[in-house]
Amino acid sequence: MTGDAEIRVSVSPGEVRVAGLRHGKLEAASIERVARPDGVGDMHRARVTAILPAMSGAFLILGDDRMGFLPESELPPPRRAISKALHEGQMLAVRISRAAQGGKGPRVTARLTADEQALADAAADRPPGLLRRGPDAALRLARLWPDALITTDGPEWAARVRSALGAGRVSLCLAGAFNAELESDFDSLASPRVVLDGGASLLIHPTPALTAIDVDSGSLAGSRDATAHASLNQAATAAVARQIRLRNLAGAILVDFAGLPIRKREALVAPLAAALASDPLGAKLLGMTQLGLMEIVRPRIHPPLHEILGLPPSPLTLGLAAMRQALREVAALQGAAIALVAAPEVIREIEASPEAVDAYRNQAGRPLLLRPDACLRPGQEQIMRVEA
């Protein structure tokens, strides 16, 4: 990584957004909810609640009313059957290796480093519970991009990360870590449609079993210009790989390129494989199916963005976005109170997030007045000045 890379961290009520840029272009993105961290890397002291030889694993309670699944393959050596290695009620230390996603709980491993094992031994008499948090998204990216400078608008976040990475690498920008272009880039990640140059687009459709990506040729639809279709699809390979990375799509991914007969789609295998080659999680192109679909598999570790944001955006996502907008406007109102008027379900989600409400009050120096309006739908939030 060279000096052309930078990391920007936007800290807002209830949320931390992380952007990795190369030559000014967004190449890595993550969104973490403060009250709902995904938990990857967290160490827990856990209790075995059920052993399932048919599934080659066991369920454990992690101490926070969550259940984790420990595969037999993630037991420490020597290798042995799960039913012989564990018994119900047994206590052991584990680390979360895959976040809860797709309707399934987190996956854990009992294969610990020496440092982790020492921490586990020191807590051997404790009940089930959290022993240590794993690194957050910004810290993970900072370690992956070791030469990238970090800019943030969160003073407390900056102080914490400086102690881990060094003061010279982290700068504070109270005016805001994200500019309008970056805000727009993050907004687009909540949409299933990605507009490409020339009027083409990608349509991204997550399902419980897989994610389908359709390349829509736009104005070329129905055209017999084979050269134009080939060029469009060649360019789309890089866009597909980028969106997989930015949205953290994982598991099975199928890509349907536009306007080419199956026999000509073979020419896209090599460029798509090359576009995926730099993926930090090791996405692999398995080949092309008999229907002409490109088949990709990517490890599931952190939840995809559409599960965090909702697709369409959830009331909580809309509410947190409105709070960010209110913070941007409050400074210009010279002490006037601000009210957020929104659909009742949006207001309920904000009220159920006291950490976000408190963070807004601390940052704005005054509370945000929350006013439900049954005439509004989610997505129609209004920020209003309240006259004395």
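Strands, in the sense used here, are DSSP runs of E with at least two residues, numbered from the N terminus, and one of them, strand β18, covers residues 337-342 and contains Ala339. The model is a predicted one, and its protein chain holds 12 helices and 20 strands. With a radius of gyration of 23 Å, close to the 21 Å that the globule rule gives for 388 residues, the chain is as compact as a globular protein of that length. The points below begin with the whole chain, then take up two sheets, and end with three individual residues.

**The chain as a whole**

- Taken along the principal axes, the box that the C-alpha atoms of the protein chain fill is roughly 70 × 70 × 45 Å.
- Of the 388 residues in the protein chain, 45% count as buried.
- Among the contacts in the protein chain with a separation of 6 or more, 63% are between residues that lie 24 or more positions apart.

**The sheet of 5 strands**

- One open sheet has 5 strands in the order β3-β2-β1-β10-β11, and its pairing is mixed.
- The edges of this sheet are formed by β3 (25-33) and β11, each of which pairs on one side only, while the twist from one strand to the next averages 20°.
- Within this sheet, strand β1 (residues 5-12) and strand β10 (residues 149-152) are paired in the parallel sense over 4 bridges, and Arg8 has Thr151 as its bridge partner in β10.
- Strand β10 also pairs with strand β11 (residues 170-172), again in the parallel sense and over 3 bridges, with Thr151 standing opposite Ser171 in β11 and Thr152 standing opposite Leu172 in β11.
- On the way from β10 to β11 the chain passes through helix α4 (residues 155-165), and this β-α-β crossover is right-handed.

**The sheet of 6 strands**

- Another open sheet is built from 6 strands in the order β12-β13-β14-β15-β17-β16, with mixed pairing.
- Its edge strands are β12 (193-195) and β16, each of which pairs on one side only, and neighbouring strands of this sheet are turned by 20° against each other on average when direction is ignored.
- At one edge, β12 and β13 run antiparallel and are joined by 3 bridges, with Arg193 standing opposite Leu203 in β13.
- At the other edge, strand β16 (residues 284-288) and strand β17 (residues 294-298) run antiparallel and are joined by 4 bridges, and Leu285 stands opposite Ile296 in β17.
- The hairpin of β16 and β17 has 5 residues between the strands, and in this hairpin Gly292 takes a positive phi near 85°.

**Ser201, in strand β13**

- Ser201 belongs to strand β13, which covers residues 201-206, and Ser201 counts as buried because its relative accessible area is 3%, which falls under the 20% cut-off.
- The side chain of Ser201 is joined to the side chain of Arg193 by a polar contact of 2.8 Å.
- Not counting residues up to four places away in sequence, Ser201 touches Arg193, Val194, Val195 and Leu196 as well as Asp214, Val215 and Asp216.

**Ala339, in strand β18**

- Ala339, found in strand β18, is buried, since its relative accessible area is 1% and therefore under the 20% cut-off.
- Although Ala339 and Val386 are 47 residues apart in sequence, their C-alpha atoms are 6.5 Å apart in space.
- With its neighbours within four places in sequence left aside, Ala339 is in contact with Leu368, Leu369, Arg371, Gln382, Ile383, Met384 and Val386.

**Thr317, in helix α10**

- Thr317 lies in helix α10, which covers residues 315-330, and Thr317 is likewise buried, because a relative accessible area of 11% is under the 20% cut-off.
- A polar atom of the side chain of Thr317 lies 2.8 Å from the backbone oxygen of Leu309.
- Apart from residues up to four places away in sequence, Thr317 touches Arg33, Ile308 and Leu309.

Definitions and conventions
Residues numbered from 1 in each chain as written. Predicted model: local features only at pLDDT ≥ 70, side-chain atom pairs only at ≥ 80, totals over all residues. Heavy atoms only, no water. Buried < 20%, exposed > 50% of the residue type's maximum accessible area, 1.4 Å probe, protein only. Polar contact = N/O pair within 3.5 Å; in protein donor to acceptor, adjacent residues only side chain to side chain. Contact = heavy atoms within 4.5 Å. Pairing = 2+ DSSP bridges. Right-handed = clockwise from strand over helix to strand, strands pointing away. Axes fitted to C-alpha atoms, helices over the stretch in contact; angles between N-to-C directions. Rg over C-alpha atoms; globule rule 2.2 N^0.38 Å.
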